[in-house]
Structure formats: structure tokens, C-alpha cells
Amino acid sequence: MAPDDPSEELRRRIPEDLTHHQPASFDAPSSPQDHVASETNQPINQITHVLPMLRVVGQMGATYIVAEGPEGMYLVDQHAAHERILFEQMLAQQAAGGVAQQALLEPLAFEAGSSYGGLLAEYAEALAAAGFGLEPFGSDTWLVRAVPAVYSRVDPRRALEETLEGIADGRDLVGESKEAALVAVICKRAAIKGGQVLSLDEMRQLVRQLEACQSPGSCPHGRPTMLVLSRMQLEKEFGRRG
């Protein structure tokens, strides 16, 4: 759990940054959107320096965190940013020997059936590496004994179903390995959603954790985590002259 964070609610909703990475240069892959971005609101992954310290101002539409930085005004997509944070945390935990789990008080019998049976068998090792505690129990049934800690507030049956749905869908499977691809699926579903109101403390902690990521400019699926409205553009829009 996060040390000295301001509230129990903050510990629950925005997990501690377990990676302890120093800010690093942006290395997000380029995409077609990168080439059409305007000067007015450019993706942060086009900027070549490290993500600077930002001063959180507030939240817009319960979806974007408004912050001030040296480039001007930053709009942080809270969902994409939290995806990136969780993704790097879980990969770091895997590298250190195991993803944090939430053990269930009683094992859950999950009937895979024809919809999920093949996926569970194919991804059994990757699911275990991602924090699921699973074991076969009969022909089409598996016992769920634990879920990844990022799913600790989610119904365990729904957590496994949503993960398998993400695998079946295929669009969220990104990464160089099956394990990394599965982590990306889990993080997308566990991350803070757009439309979720955050306290100022929660916004500050999320931004601090994003600043510490190795690749803060995009979520694991390549979407920008933030846009910047430059100081020069603001002065131009307000008709100010230098």
C-alpha cells in the first residue's frame, strides 16, 4: 500500500507506484495521429524531453485532469494515464517475481463452457503470471482462488470474464509477449474510467505516478495520455502581444 498517502480512498483507487522509475525520455511509437496533431493541442509524446513536474489545477468533465507546466496547459486523460501507470507497475512486479494478488476467501467455481474454455487453457500460464490463481476443476470448470490486486474491488467472476472478453476481442492485446499482452488487457479494464470524479489529492498522485513512468506519453495501446495547449497559442487566442 502507498506510504503516507492522504486517505484510504486514495490508496484504494490509485495504487502506489511500485516501479520507482525515474522520469525518462518519451519513446512512444509514432502513429498517424502524431503527424496531424496541430500546434494548438499536440500529443505529449511528440515532445522530446522528459515529462516535467506539473501543477494540478482541477478536473474537466470528470475525465481530464487540468494541469500547468512549462509548455503551457496540460490536459491529462485520466483513464489512459492510469492504464500506463498500472501497466508499468504490473510488468515491474512480474520481473521481480510475481504480480500482487488478492486471495479470495472462498474459491470461486468458474464454468468456462465453450465460450472461454479454449482461452483459459491457452492463456493459463499467462493468467497465472498476471496474478490470477486458477486450477482446473472438472471438464469445463476452473477454480478461481485469487485475482490480480488491481481487481481487488471488482467481482472476481466479472474480473475473469472481462479479461477473457478482452483476449477474445483481440484489439487490446499489445506487447512483445503473451504475458505483456494480457497485462495490457487487465490494465485497460482496471484503470480509472472517464466520468469518474477524483479528489484533488487523487489527481495529484496520479500525475506524480505518471511523471515517474518510463513511457508516460501514451497508454499501452498507443493512445496519448495528454495534450498540451502551449503558452504561445494561449496568448495568440487571447490577442496578447509579447
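Mentor: Let's start with a term we'll need: a salt bridge is a side-chain nitrogen of Lys or Arg within 4 Å of a carboxyl oxygen of Asp or Glu. Keep in mind that we are looking at a predicted model.

Trainee: Got it. How many salt bridges does the structure hold?

Mentor: There are ten salt bridges in the structure. One of them joins Glu68 and Arg55, with 2.8 Å between the closest N and O atoms.

Trainee: What does that pair tie together?

Mentor: Glu68 sits in strand β3 (residues 64–69) and Arg55 in strand β2 (residues 55–60), so the salt bridge ties together parts that are 13 residues apart in sequence.

Trainee: And is Glu68 buried or partly exposed?

Mentor: Partly exposed: the relative accessible area of Glu68 is 35%. The cut-off for buried is under 20%, and exposed means over 50%, so a value of 35% falls in between.

Trainee: Which helix holds both Glu88 and Arg84?

Mentor: Both lie in helix α3 (residues 78–96), four residues apart, which is about one turn of the helix. Their side chains meet in a salt bridge, at 3.2 Å from N to O. Glu88 and Arg84 are both buried.

Trainee: Why do residues three or four places apart point the same way in a helix?

Mentor: An α-helix has 3.6 residues a turn, so residues with that spacing point the same way. You can find another pair in helix α8, where Glu211 and Arg208 are three residues apart. The side chains of Glu211 and Arg208 form a salt bridge with an N to O distance of 2.7 Å.

Trainee: Are Glu211 and Arg208 buried or partly exposed?

Mentor: One of each. Glu211 counts as buried at 5% relative accessibility, whereas Arg208 counts as partly exposed at 30%.

Trainee: While we're in α8, where does Gln209 come in?

Mentor: Gln209 lies in that helix, which covers residues 200–211. Gln209 counts as buried, with 5% relative accessibility. Look for Ala81 too: Gln209 and Ala81 are 128 residues apart along the chain, while their C-alpha atoms are separated by 9.0 Å.

Trainee: Oh, nice. New topic: which residues are linked in a network of salt bridges?

Mentor: Arg158, Glu161, Glu162 and Glu165 are.

Trainee: Let's do helix α6 then. How far apart are its end C-alpha atoms?

Mentor: They are 20 Å apart. Helix α6 has 14 residues (156–169), and at 1.5 Å a residue those should span 20 Å, so the two values agree.

Trainee: Which residues of α6 are buried?

Mentor: Ala159, Leu160, Thr163, Leu164, Gly166 and Ile167. Seen down the axis of α6, the buried residues fall within an arc of 155°, so they line one face of the helix.

Trainee: What covers the buried residues of α6?

Mentor: The cover includes β5 (101–111), α4 (113–122), α5 (124–129), β6 (133–136), β7 (141–148) and α7 (178–190). Just after α6 comes Gly170, which has a positive phi, near 85°.

Trainee: How does α7 look by comparison? Which of its residues are buried?

Mentor: Ala180, Ala181, Leu182, Val183, Ala184, Val185, Ile186, Cys187 and Ala190 are buried in α7. The cover over the buried residues of α7 includes α3, α5, β7 and α6. Helix α7 has 13 residues and reaches 18 Å from first to last C-alpha, close to the 18 Å expected.

Trainee: Now the nonpolar core. Which members of the largest one touch the most other members?

Mentor: Phe110, Leu120 and Leu164, out of 30 residues in the largest nonpolar core. At least two residues each come from α3, β5, α4, α5, β7, α6 and α7, and α7 gives the most, with six residues. Apart from this core lies another, of 18 residues, among them Val56, Leu198, Met203 and Cys213.

Trainee: What does Phe110 touch?

Mentor: Leaving out residues up to four places away in sequence, the contacts of Phe110 include Tyr116, Leu120, Trp142, Val144, Leu160 and Leu164.

Trainee: You mentioned a cysteine. How many disulfides are there?

Mentor: The count comes to zero disulfides. Cys187 counts as buried at 0% relative accessibility, and Cys213 is buried with a relative accessible area of 3%.

Trainee: Last one: how many helices and strands are in the chain?

Mentor: Nine helices and eight strands. Of the 242 residues in the chain, 45% count as buried.

Notes
Residues are numbered from 1 along each chain as its sequence is written. This is a predicted model: local features need pLDDT of at least 70, side-chain atom pairs count only at pLDDT 80 or more; totals for chains, interfaces and linings use all residues. Side-chain values use heavy atoms; hydrogens and water are left out. The expected span of a helix is 1.5 Å times one less than its number of residues. Buried means under 20% relative accessible area, exposed over 50%, partly exposed in between (1.4 Å probe, protein chains only). The arc is that of the directions from the helix axis to the C-beta atoms. Contact means heavy atoms within 4.5 Å. A nonpolar core is a set of buried Ala, Val, Leu, Ile, Met, Phe, Trp, Tyr and Cys residues joined through side-chain atoms within 4.5 Å. A disulfide is a pair of cysteine sulfur atoms within 2.5 Å.
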